Amino acid sequence: MHLETIAVHSGRTVDPSTGALAPPIHLSTTFERDEDGNFSRGFDYSRQDNPNRHSLETCLAALEGGTAAVAFPSGMAAISAVIEALHLTHPGRLILPQDMYFGIRSLLTDTEFGRKLDVTFVDMTGLPAIERACAGRAIGAIWIETPSNPLVSVADIAEIVNIAKAHGAVTCVDNTWATPLLQRPLELGADVVVHSLTKYIGGHSDVMAGAVVVREDGAHLEEMRAMQRHRGILLSPFDCWMALRGVATLSARMAVHCSNAMQLARHLEGHPKISAVHYPGLPSHSGHRIAAKQMNAFGGMLSIVLRGGRKNAMAVATTLQVFTRATSLGGNHSLIEHRASIEGLSTMAPEGLLRLSIGLEHVDDLRADLDRSLNAAFQ
């Protein structure tokens, strides 16, 4: 079955009592036992499982081609759970990319749990750097984020998986930017995929959620299930319903995100007021060949570096009218953000970098908005 069909149908059935196509929201915290004391209908207490969470996890696992999914109340909750689970079940050094979502770096450097881990950050675009980080150490896991945030660099998933296997390590891929429609990490050999469902899968900037999908059943899955249930790290039924609703339109939305982003990247490349355009769909991008090999399309995210540094970058951001200055990404609206001022001293972002999340507006309006702002900022 094609992914577009899975996104619409997996985890859902016509409601047997009403015939409704949209699944009901099950707010009940407890469920009736059978006369013999069993729970033949599959649910006993909502912390253990809930029909809406079950539907969402079933759909996400099918969409990524995994064995199972575990839903959490945010992307960072999912990331924290999988890092802890892998640390417990696959002890050893955790290797991560230098350029990655700064929230993960903060988790590892600013919390007691993170500071206890043996962590190394490397340039994931260079395989020799990964090999050197693995040398002479017990490696637990390698974390891959591709395309990366905010420099939009590309890592070769299949090659990194080979390195991980050679050292007995597992691989986890943050597939938030690409989504299962554009990139298939589990089919490339990765063991775990993580998503901030808040972004493209939710798709409307109105639900916060995260999920982990595993390729095979194992101890790390059981650990995450235990964290979810015993610590009560639960995604509410309503938020599960909202995220599942977003999945249904993912393929249609991603087509527009990708088309708009490609057109804008081409338009901005070579602009006299921009020193760099980071978008893997451009042949000039250093990771274009790898991206073309492992992605079906190049995504809706790009970064531009303005000549003149922070002053001009801020000037461009503040004069835009269609783009909104806001954090996050993957929603209907086009967003723009100066990442260095958000990420602080540990940022990998140049002072002139603006990250763009390209939305569903007409591309001509987005192009005109950028042109107008660029012209105004450099007068």
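**Strand pairing and overall architecture**

In the predicted model, Val173 stands opposite Val193 of strand E6. This contact point belongs to the pairing of strand E5, residues 170-174, with E6, in which the two strands run in the parallel sense and are joined by three bridges. On the pairing with strand E7, which comprises residues 210-214, E6 is engaged through five bridges, and the sense is antiparallel. Within that arrangement, Ser196 has Gly210 of E7 as its bridge partner.

Strand E6 spans residues 192-196 and is mostly covered, five of its five residues being buried. In a regular strand, side chains point alternately to the two faces of the sheet. In E6 both faces are covered: Val192, Val194 and Ser196 are buried on one side, and Val193 and His195 are buried on the other. Val193, the residue opposite Val173, and Ser196, the partner of Gly210, therefore lie on opposite sides of E6, because Val193 is grouped with His195 on one face and Ser196 with Val192 and Val194 on the other.

A further set of strands forms an open sheet of five members, ordered E8-E9-E12-E11-E10, with mixed pairing. Its edges are formed by strand E8 (274-278) and strand E10 (324-325), each of which pairs on one side only. E8 is joined to strand E9, residues 301-306, by four bridges in the antiparallel sense. In this pair, Ala276 is found opposite Val305 of E9.

At the level of the whole protein chain, 15 helices and twelve strands are present. The radius of gyration is 21 Å, which agrees with the value near 21 Å that a compact globule of 379 residues would have. The C-alpha trace extends over about 80 × 55 × 35 Å along its principal axes. Of the 379 residues, 54% are buried. Among contacts with a separation of 6 or more, 71% involve residues 24 or more positions apart.

The accessible surface of the protein chain amounts to about 15,800 Å², and carbon and sulfur atoms contribute 54% of that area. The protein chain carries 32 positive and 38 negative charges, whose mean positions are separated by 6 Å.

Technical notes:
Residues are numbered from 1 along each chain as its sequence is written. This is a predicted model: local features need pLDDT of at least 70, side-chain atom pairs count only at pLDDT 80 or more; totals for chains, interfaces and linings use all residues. Side-chain values use heavy atoms; hydrogens and water are left out. The radius of gyration is taken over C-alpha atoms; the globule rule is 2.2 Å times the number of residues to the power 0.38. Buried means under 20% relative accessible area, exposed over 50%, partly exposed in between (1.4 Å probe, protein chains only). Contact means heavy atoms within 4.5 Å. Accessible areas come from the Shrake-Rupley method with a 1.4 Å probe; for residues, only the protein chains shown count as cover. Lys and Arg count as positive and Asp and Glu as negative; His and the chain ends are not counted. The place of a charge is taken as NZ of Lys, CZ of Arg, CG of Asp or CD of Glu. Two strands pair if DSSP finds at least two bridges between them.
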